[in-house]
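Dear colleague,

I am passing on the structure we spoke about, and below it you will find what came out of going through it. Please keep it open beside this message as you read.

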Amino acid sequence: MEKKSDTDGICGMTKEGLTACAPFVTTQSTAPPSPECCLALPKANFQCFCAFKNSGLLGFYGIDFNQAMQLPTKCKLPNSSHC
């Protein structure tokens, strides 16, 4: 399982991709994902993100896990994974 969080980003997402998706996945956001965010998602490993579901780490960064897992559907990507 790829939990890498260095210059390559995390779980297949680059830092740029994470930044592009940040406005949608923050706990206070109602914003739709941007086209840049949707372009970054095909490389994301959502099963990897599942490992962070109950860790508290995502909440520390203001990321709402449920909103993050909705990104594939919101971006109309096939084969979105569920934890």
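In this predicted model, the axes of helices α1 and α5 come within 10 Å of each other and cross at roughly 105°. A crossing angle between 65 and 115 degrees counts as roughly perpendicular, and α1 and α5 are therefore roughly perpendicular to each other. Sorted by class, the residues in the contact of α1 with α5 are five nonpolar, two polar and one charged. On the α1 side the residues that take part are Cys21, Phe24 and Val25, and on the α5 side they meet Gln67, Ala68, Gln70, Leu71 and Lys74.

One of these, Gln70, deserves a separate word. Gln70 lies in helix α5, and with a relative accessibility of 36% it counts as partly exposed, since the partly exposed class runs between 20% and 50%. Although Gln70 and Val25 are 45 residues apart along the chain, their C-alpha atoms are separated by 9.0 Å.

The α1 helix itself, which covers residues 15-25, can be read from its two sides. Its buried residues are Gly17, Cys21, Phe24 and Val25. Seen down the axis of α1, these buried residues fall within an arc of 75°, so they line one face of the helix. The face turned away from that buried side carries the exposed residues Glu16 and Thr19. As for what the buried residues of α1 pack against, their partners are α2, which spans residues 35-40, and α5.

Turning to the chain as a whole, the protein chain has five helices and zero strands, and from the N terminus on its elements run α-α-α-α-α. Of the 83 residues in the protein chain, 35% are buried. When contacts between residues at least 6 apart in sequence are considered, 61% of them join residues at least 24 apart.

The segment before α1 holds two residues that I would like to point out. Gly9 is placed in that segment and is buried, with a relative accessible area of 4%, which is under the 20% that marks a buried residue. From Gly9 to Thr19 the separation in sequence is ten residues, while the distance from C-alpha to C-alpha is 9.9 Å. Cys11 lies in the segment before α1 as well, and it has a positive phi of about 50° although it is not a glycine. Cys11 is buried, with a relative accessible area of 0%.

A second residue with a positive phi is found in the segment after α5 (65-74), where Lys76 lies. Its phi is near 60°, again a positive value in a residue other than glycine. Is Lys76 buried or exposed? At 73% relative accessibility, Lys76 counts as exposed, because the exposed class begins over 50%.

Helix α3 provides the aromatic part of the picture. How many aromatic pairs does the count come to? The count comes to one aromatic pair. That pair is formed by Phe46 and Phe49, with 5.8 Å from centre to centre and 45° between the planes, and it is tilted. The classification follows because planes under 30 degrees apart would count as stacked and those over 60 as edge-to-face, with the rest counted as tilted. Both partners sit in helix α3 (residues 46-50), and because they are three residues apart there, Phe46 and Phe49 are separated by about one helical turn. In general, an α-helix has 3.6 residues a turn, so residues three or four places apart point the same way. Phe46 and Phe49 are each buried.

Finally, the loop between α3 and α4 (57-60) contains Lys53, which is partly exposed, with a relative accessible area of 41%. Leaving aside residues up to four places away in sequence, Lys53 touches Phe65 and Cys83. The C-alpha atoms of Lys53 and Asn66 are separated by 8.8 Å, and these two residues are 13 apart along the chain.

If you go through the structure yourself, the contact of α1 with α5 can be found by starting from Cys21, Phe24 and Val25, and the aromatic pair by starting from Phe46 and Phe49.

With best wishes

Definitions and conventions:
Residues are numbered from 1 along each chain as its sequence is written. This is a predicted model: local features need pLDDT of at least 70, side-chain atom pairs count only at pLDDT 80 or more; totals for chains, interfaces and linings use all residues. Side-chain values use heavy atoms; hydrogens and water are left out. Rings of Phe, Tyr and Trp (its six-membered ring) pair if their centres lie within 6.5 Å; planes under 30 degrees apart count as stacked, over 60 as edge-to-face and the rest as tilted. Helices (H or I, at least four residues) and strands (E, at least two) are DSSP runs, numbered from the N terminus. Buried means under 20% relative accessible area, exposed over 50%, partly exposed in between (1.4 Å probe, protein chains only). The arc is that of the directions from the helix axis to the C-beta atoms. Contact means heavy atoms within 4.5 Å. Axes are lines fitted to C-alpha atoms, for helices over the stretch in contact, and angles run from 0 to 180 degrees between N-to-C directions. Angles under 35 degrees count as roughly parallel, over 145 as roughly antiparallel, 65 to 115 as roughly perpendicular and the rest as oblique. Ala, Val, Leu, Ile, Met, Phe, Trp, Tyr, Cys and Pro count as nonpolar, Asp, Glu, Lys and Arg as charged, and the others, Gly among them, as polar.
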